[in-house]
Amino acid sequence: MTAPTISAKQVKELRDRTGAGMMECKKALTETGGDLDQAVELLRVRLGDKALKVGDREATEGTVASYIHSNGKVGVLVEIDCNTDFVARNDDFQSFARDVALHIAAAAPLYVSEDEIPAEAKEAELRVFEQQAADKPEHIRPKIAEGKLKAWMNDNVLLNQPHVNTDKYDGKTIEELRANLSGTAGENIVIKRFARFAVGA
């Protein structure tokens with residue numbers, strides 16, 4: 001059975017209704033065949049009502065975490081926001097922020113979320129992948145190119161990346177870790193922006 005095609009509009013609508021993360025919403029829609037109401041119910045089971053109710057609350061508190069590699073050649077600053085100063089000072093929140101900074105240093109993502117990728121950047125990558133698939137049968141070239149584009153986004157988007165500490169986080173993505181923390185804290189947790197510095201880069 002072919003998996004349903006989930007549009008960005010559907011994902012946005014589900015995010016607006018639940019406050020859940022983009023990847024969680026897309027996964028829920030895929031598993032429910034694009035049925036919005038069923039996807040809401042699925043997210044309620046997975047994340048709990050508490051996590052879904054906080055998504056529309058503005059995140060105006062938070063922290064800026066830093067990480068400097070032991071060789072002094074790579075450094076990261078990342079801003080992670082939440083709703084209250086109480087959660088911002090919480091050990092779990094601070095630990096998450098530090099672990100995200102460490103991950104960014106190691107994985108070198110280019111964007112926080114897929115929404116940040118400029119349309120022209122996606123189009124440029126897609127053209128490259130289409131050219132790479134030029135020796136394949138014509139009817140499967142678009143699918144190959146789209147698959148490579150998705151893999152490229154997973155490699156370069158922070159929220160899509162599994163945390164580099166696989167022993168600690170068991171292959172969970174940064175988005176999954178963010179959503180879990182949001183559910184535990186009962187607040188909207190947002191990875192706002194980051195800067196990664198490398199000597200000679």
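Val64 has Glu79 as its bridge partner in strand S2, and in this predicted model that pair offers a convenient place to begin. The two strands concerned, S1 and S2 (residues 74–82), pair in the antiparallel sense over eight bridges. They belong to an open sheet of three strands, whose order is S1-S2-S3 and whose pairing is antiparallel. At its edges are strand S1 (61–68) and strand S3 (190–198), each of which pairs on one side only. Neighbouring strands of this sheet are turned by 10° against each other on average, with direction ignored. Across S1, S2 and S3 lies helix H5 (residues 91–107), which runs at about 140° to S2.

From the sheet one can step back to the division of the whole protein, which consists of domain 1 (8–55), domain 2 (61–113 + 157–198) and domain 3 (118–155). The centres of domain 2 and domain 3, taken over C-alpha atoms, are separated by 29 Å, and four residues of domain 2 are in contact with seven residues of domain 3.

Helix H6 (residues 119–132) can be examined first for its length and then for its sides. Its 14 residues should span 20 Å at 1.5 Å a residue, and this agrees with the end C-alpha atoms, which are 20 Å apart. Which residues of H6 are buried? They include Ala121, Leu126 and Phe129, and because these residues cover an arc of only 130° around the axis, they are placed on the same side of H6. The general background is that an α-helix has 3.6 residues a turn, so residues three or four places apart point the same way. The buried residues of H6 pack against helix H7 (141–156), whereas the face of H6 turned away from its buried side carries the exposed residues Glu120 and Gln131.

A last stop is Thr32, whose place is in the loop between helix H2 (22–31) and helix H3 (36–53). Is Thr32 buried or exposed? Its relative accessibility is 15%, and because a residue is called buried when that value is under 20%, Thr32 counts as buried. When its neighbours within four places in sequence are left aside, Thr32 is in contact with Gln38, Ala39 and Leu42.

Definitions and conventions
Residues are numbered from 1 along each chain as its sequence is written. This is a predicted model: local features need pLDDT of at least 70, side-chain atom pairs count only at pLDDT 80 or more; totals for chains, interfaces and linings use all residues. Side-chain values use heavy atoms; hydrogens and water are left out. Two strands pair if DSSP finds at least two bridges between them. Helices (H or I, at least four residues) and strands (E, at least two) are DSSP runs, numbered from the N terminus. Axes are lines fitted to C-alpha atoms, for helices over the stretch in contact, and angles run from 0 to 180 degrees between N-to-C directions. Contact means heavy atoms within 4.5 Å. The expected span of a helix is 1.5 Å times one less than its number of residues. Buried means under 20% relative accessible area, exposed over 50%, partly exposed in between (1.4 Å probe, protein chains only). The arc is that of the directions from the helix axis to the C-beta atoms. Domain bounds come from an automatic or database domain assignment.
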